[in-house]
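Got the viewer open? Here's a short walk through the structure, one selection at a time.

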Protein chains: 2
Amino acid sequence: MAEQSIVKVLNGREVWDEITSRGFSNVLSVYFIASTKISTIPGISLAGVNSELTLYTPALDVEYLTLGKPKSLPIVPTTPDGVPTPALLTRVAIQLSGIPYLVVNCGSYIDPQIPHVDIPGKAVGGRIDVEDSLTPEAVSKLFDGSRTLGKMLGSESSLLVVGESMPGGTTSAMAIMEALGYRAVGRVSSASPSNPHDLKREIFESAVKRVGKRLPLVEPLEVVSHFGDPLHISITGFLAGALERGARVILAGGTQMSAVLALARALGIRFGGRVAIGTTRWIVEDRSSNLLGLVKDIYPDVPVAYADVNFLSVRHRGLRAYEEGYVKEGVGAGGTLIVSALLRNINMEELLKAVQEEYERVVSLAQES
Amino acid sequence: MAEQSIVKVLNGREVWDEITSRGFSNVLSVYFIASTKISTIPGISLAGVNSELTLYTPALDVEYLTLGKPKSLPIVPTTPDGVPTPALLTRVAIQLSGIPYLVVNCGSYIDPQIPHVDIPGKAVGGRIDVEDSLTPEAVSKLFDGSRTLGKMLGSESSLLVVGESMPGGTTSAMAIMEALGYRAVGRVSSASPSNPHDLKREIFESAVKRVGKRLPLVEPLEVVSHFGDPLHISITGFLAGALERGARVILAGGTQMSAVLALARALGIRFGGRVAIGTTRWIVEDRSSNLLGLVKDIYPDVPVAYADVNFLSVRHRGLRAYEEGYVKEGVGAGGTLIVSALLRNINMEELLKAVQEEYERVVSLAQES
């Protein structure tokens, strides 16, 4: 009567087994939030009612995650069509397994109204087509501060899950990887079923023209300053600090996390078989992007695992939209589901029941307001 | 050849064994920092080069804990006579055992220059002899925000260690307990070998006269607003949230933690045998205070454990001062040592060696600057 696990591993099974062996005991999820003005470019991000509101999404996501509804704006954590934030999955996973978690602000447009860690130097990222993302000083401070936090929270018995919320992030992730010399155009994912690859490429091309330097650049902090955002360098710093303390880390996200691998590699951070990516089935089955291809180009021994969850049988249209290519991943949904399932054998039926109940609760908030 | 453990239990052995049984796996230390202007009253606090500098001590303590030296001021983490902050013990304990930790600011006079959680509503506490400590709104916000953090970080498998740094804290702890109806005058400890009980009593009497209400008060948030400080109510909120999630909590501190017990009792927070106090031998052997008496009056089934560490054989005078009644406890030193010893059997010899090496390093910082 062995239950089918919702955890599937795409590659690097041995490393994955090592990372998730019960040597770990201290589990903590850490959700980084930040904003980049790239998300305000029309057509780039669906993660907000309109382009300007995408700047608020990260704070609203973690408020909803923690309090059950957003606090800074009287808004429902779904699109106008009723498609819910991926934080819904994260919230359900945390409720089912009791994973402790923390929120880290490295550059959210608004301060979330829940307790969180602020990284010194936090700043909203610029629109890289027309301006630098961050000053070199801010990039350094974000890396150093996050590294310190990683050292505080990491230990040899730690399994740290690191998620993110930053609309526009696949574009800057793509730009970071390209600027470091990896082929990333056309390979990053999107919260939309029609991935705006051309627009992302144009933004990057404008940035390249604006910066006027020959690519690839060798200095990762310079790459982030010109082409990046506050999020990926902060997660890279956190990863560096946690690894220094002997922790194991699951980067919980889609193609954005390959930009973290690229930065870590460029900075000479050694993984020692202690880093994996954990994501969702919607990312690994996405034909408009190629997470595994990116990982294999950048850090081939990093395992990619995914939560094999589907909403095909769910009656709510807002959730079924995930099967049509909407949202896919975010706020560490996939990785949090995976680690929840490792801690406490969650089966598909139980999960879908909890997801639908939470969705109904969230939609009823809309009717109240 | 059974090694003598440095962990000793004064009372409630069965509850203690339950709390520290290996059912726990997620260990996290959380250090709350705050300031109260009570510490600026001459003669109240030794935790700073002079009375005004006591306001900076909490931030400097956690900077030293994390970075190995204070950052906000070019100062050495010792008194002018070379007596080190108790954070030295906390730092050594964390280094020996690798406990992950977090810093929470609920009202530090300056923002520590390390990653930390800010509690919404954080504020420096007033000098209760002449003014209220906090507005009732701030007290509520601190409780609620800290409770939310406790819910984020607590889980059924958690063992949370909660320490503090706030000079002047035994005075406000005493005032909180008295205002709630417990006999606390003359029973709280001090970082000085000559405990200024009379001065503490006078401050409380001035506060009682100023407030002009008949004691005891039944409303704990009102007690904190008139007689308290930002720290104890925040720790109480964190405790409440963590217990709601099923966590076990070791309150790592001296007589201040009995004020947390008093607030928790008045707020009707149920402990369910999951709360203990962990402190140092210097506190439990202190004849100028009575931690066990306070605990027995307030919450008799809360175990009190202590780290049975002594510096009698140490050659550095600054450390031996602990044996003469200086410092005694702070920044969760006792509780952190205890949990470190539970995680990894630390013997006295190893500990003293590490403490002396760290002390020598810290003193050499003085010579550099």
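## Two copies, one axis

Start by colouring chain A and chain B separately. Turn chain B by 180 degrees, with a shift of 0.0 Å along the axis, and it can be laid on chain A with an RMSD of 0.0 Å. That is how a two-fold axis relates two copies. The same surface is in use on both sides, too: 100% of the contact residues of chain B turn up again in chain A. Keep in mind as you go that this is a predicted model.

## Where the chains touch

Next, select the residues of each chain that touch the other. You should pick up 29 residues from chain B and 29 residues from chain A. Together the two chains bury about 2,100 Å², and 65% of that is on carbon and sulfur atoms. Now show N26(B), P115(B) and M152(B) as sticks: these three supply 31% of the area that chain B buries against chain A, more than any other three residues.

What kinds of contact cross the interface of chain B and chain A? Eight residue pairs are in polar contact there, both residues being at pLDDT 80 or more. Salt bridges between chain B and chain A, on the other hand, number zero.

Stay on chain B and switch to the cartoon. The elements that give two or more residues to the side touching chain A are β2 (26-34), α2 (57-67), β3 (101-107), β4 (116-118) and α4 (136-153) of chain B. Which of them gives the most? That's α4(B), with five residues. Colour this side of chain B by class and you'll get 17 nonpolar, ten polar and two charged residues.

## A strand pair across the interface

Zoom in on residues 116-118 of chain A, which form strand β4. This strand pairs with β4(B) in the antiparallel sense, over three bridges. For a good spot to centre the view, pick H116(A): opposite it stands D118(B), in β4(B).

## A salt bridge within chain A

Though salt bridges between chain B and chain A number zero, the count over all chains comes to 38. To see one of them, select E244(A) and K151(A), whose side chains meet at 3.8 Å, N to O. The pair links distant parts of the chain, with E244(A) in helix α8 (residues 230-244) and K151(A) in helix α4 (residues 136-153) of chain A, 93 residues apart.

## Backbone oddities

Before the last stops, a bit of background: most peptide bonds are trans, and most residues other than glycine have a negative phi.

Now go to L215(A) and P216(A), where the peptide bond is cis, with omega near -5 degrees. P216(A) sits in the loop between α6 (197-211) and α7 (220-227) of chain A. Then hop over to chain B: L215(B) and P216(B) are joined by a cis peptide bond as well, omega being about -5 degrees. Look for P216(B) in the loop between α6 (197-211) and α7 (220-227) of chain B.

Finally, select V331(A), in the loop between α12 (317-320) and α13 (333-343) of chain A. V331(A) is not a glycine, yet it has a positive phi of about 50 degrees.

Methods: Residues numbered from 1 in each chain as written. Chains lettered and ligands numbered in written order. Predicted model: local features only at pLDDT ≥ 70, side-chain atom pairs only at ≥ 80, totals over all residues. Heavy atoms only, no water. Contact = heavy atoms within 4.5 Å. Buried area = accessible area lost by both parts, 1.4 Å probe. Salt bridge = Lys/Arg side-chain N within 4 Å of Asp/Glu carboxyl O. Polar contact = N/O pair within 3.5 Å; in protein donor to acceptor, adjacent residues only side chain to side chain. Helix = DSSP H or I, 4+ residues; strand = E, 2+ residues; numbered from the N terminus. Nonpolar A, V, L, I, M, F, W, Y, C, P; charged D, E, K, R; others polar. Pairing = 2+ DSSP bridges. Least-squares fit on C-alpha atoms with pLDDT ≥ 70 in both.
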